[in-house]
Amino acid sequence: MNQLKGLIKKEWMLMRFWLVVLFILNTLGIVGIPLLLRTWIDDVPIFKTAVILAGIWLVFSHLIAILLFIVSLQLDMKRPDIWLHTESSIYKLIGTKLAFATVLTSLSLLWIELLLVILQAVNSDPEFMTFGQLLEMKVYVFIGIFFSILLNLIIVLFFWVIYHLIRPYVKGFSIIITFFLFIVSSIIWSMNSTIELFEKFPRFGGINIPIPEFIQRFRSYENYEDLTFLVGPTIYVSEIIFITAFAIILFWVSALWFDKKVRI
């Protein structure tokens, strides 16, 4: 427990600056831009504009989490003799960074949600979205984004380890090769889409998700489907087990390779 507390404290000291930067950028983007547009164009709806900007920010939230994760890893890799030569296992060392990047991004998203709640209270637009609908949508989106970010970071960890495995042999080409492998893997995954994969996978334990009617309406709007991260109305326990097992195995393999092949 003391080891974990120490790792958390160290990670907080390392990454707290970036949390402040995210909060400032969130505030300027979600509140500042609509207010600035309002000074130029009188009929710009502040709350509706903020919701659209929040949706765009959600699109980039995965990239933000990845950048935080990579920055944290690379900062400690500047002094691997200090970071890696501890009594903590490699799973704790990397797991703490993975968890912190997910939590920091989630706190950033929660701050955006709070800003939207404040804007809704000050500049309400019930014809577009009521306060209750806003909270319902935010809970719906946040849960999906949280687990999506966590899975993406584990995938990024896998390719980051590959990068460090091949770097001693190919030097400066390691980034290009790693990026190429990532692109090829993404194309192969796209050719064998998630839907096709899950259709072949035995399904059981169906859980119906009550999708709010106003969120469903967004599907009919151009370009809104990509911003709402909508999923099907039914998820299956079998799918959750499959994805969880995949994430755990990938994290275990990545950490093991790093510990055996990269750790000094």
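This passage describes the confidence of a predicted model, its second largest pocket and one residue of helix H1.

The structure is a predicted model. Mean pLDDT for the protein is 76. A value of 70 or more is reached by 71% of the residues. Confidence varies between the helices. It is highest in helix H4 (residues 90-122), with a mean of 85. It is lowest in helix H9 (residues 225-228), where the mean is 43. Over residues 222-231, pLDDT stays under 50. For this stretch, the model has 23 contacts beyond four places in sequence. Where pLDDT is low, the predicted coordinates should not be read in detail.

Attention then turned to the pockets. Rolling a probe the size of a water molecule over the atoms shows where empty space is left. The second largest pocket has a volume of about 450 Å³. Its lining consists of 14 residues. Nearest the centre of this pocket lie Ile-70, Val-156, Phe-159, Trp-160 and Thr-178. Three helices each supply at least two lining residues: H2 (46-77), H5 (131-170) and H6 (174-191). Helix H2 gives the largest share, with six residues. By residue class, the lining of the second largest pocket has twelve nonpolar residues and two polar ones. No charged residue is part of this lining.

Val-21 was examined separately. This residue lies in helix H1 (residues 2-40). Val-21 counts as partly exposed because its relative accessibility is 25%, between the limits of 20% for buried and 50% for exposed. Val-21 and Ser-108 are 87 residues apart along the chain. Their C-alpha atoms are separated by 9.8 Å.

Note on methods. Residues are numbered from 1 along each chain as its sequence is written. This is a predicted model: local features need pLDDT of at least 70, side-chain atom pairs count only at pLDDT 80 or more; totals for chains, interfaces and linings use all residues. Side-chain values use heavy atoms; hydrogens and water are left out. On a 1 Å grid over the protein atoms alone, a cavity is a set of points where a 1.4 Å probe fits but cannot get out, and a pocket is an open set with protein on both sides within 12 Å along at least five of seven lines; lining residues have an atom within 4 Å of a point. Grid points are joined across faces, edges and corners, and a volume is the space filled by probe spheres set on the points. Helices (H or I, at least four residues) and strands (E, at least two) are DSSP runs, numbered from the N terminus. Ala, Val, Leu, Ile, Met, Phe, Trp, Tyr, Cys and Pro count as nonpolar, Asp, Glu, Lys and Arg as charged, and the others, Gly among them, as polar. pLDDT is the predictor's confidence in each residue, from 0 to 100. Contact means heavy atoms within 4.5 Å. Buried means under 20% relative accessible area, exposed over 50%, partly exposed in between (1.4 Å probe, protein chains only).
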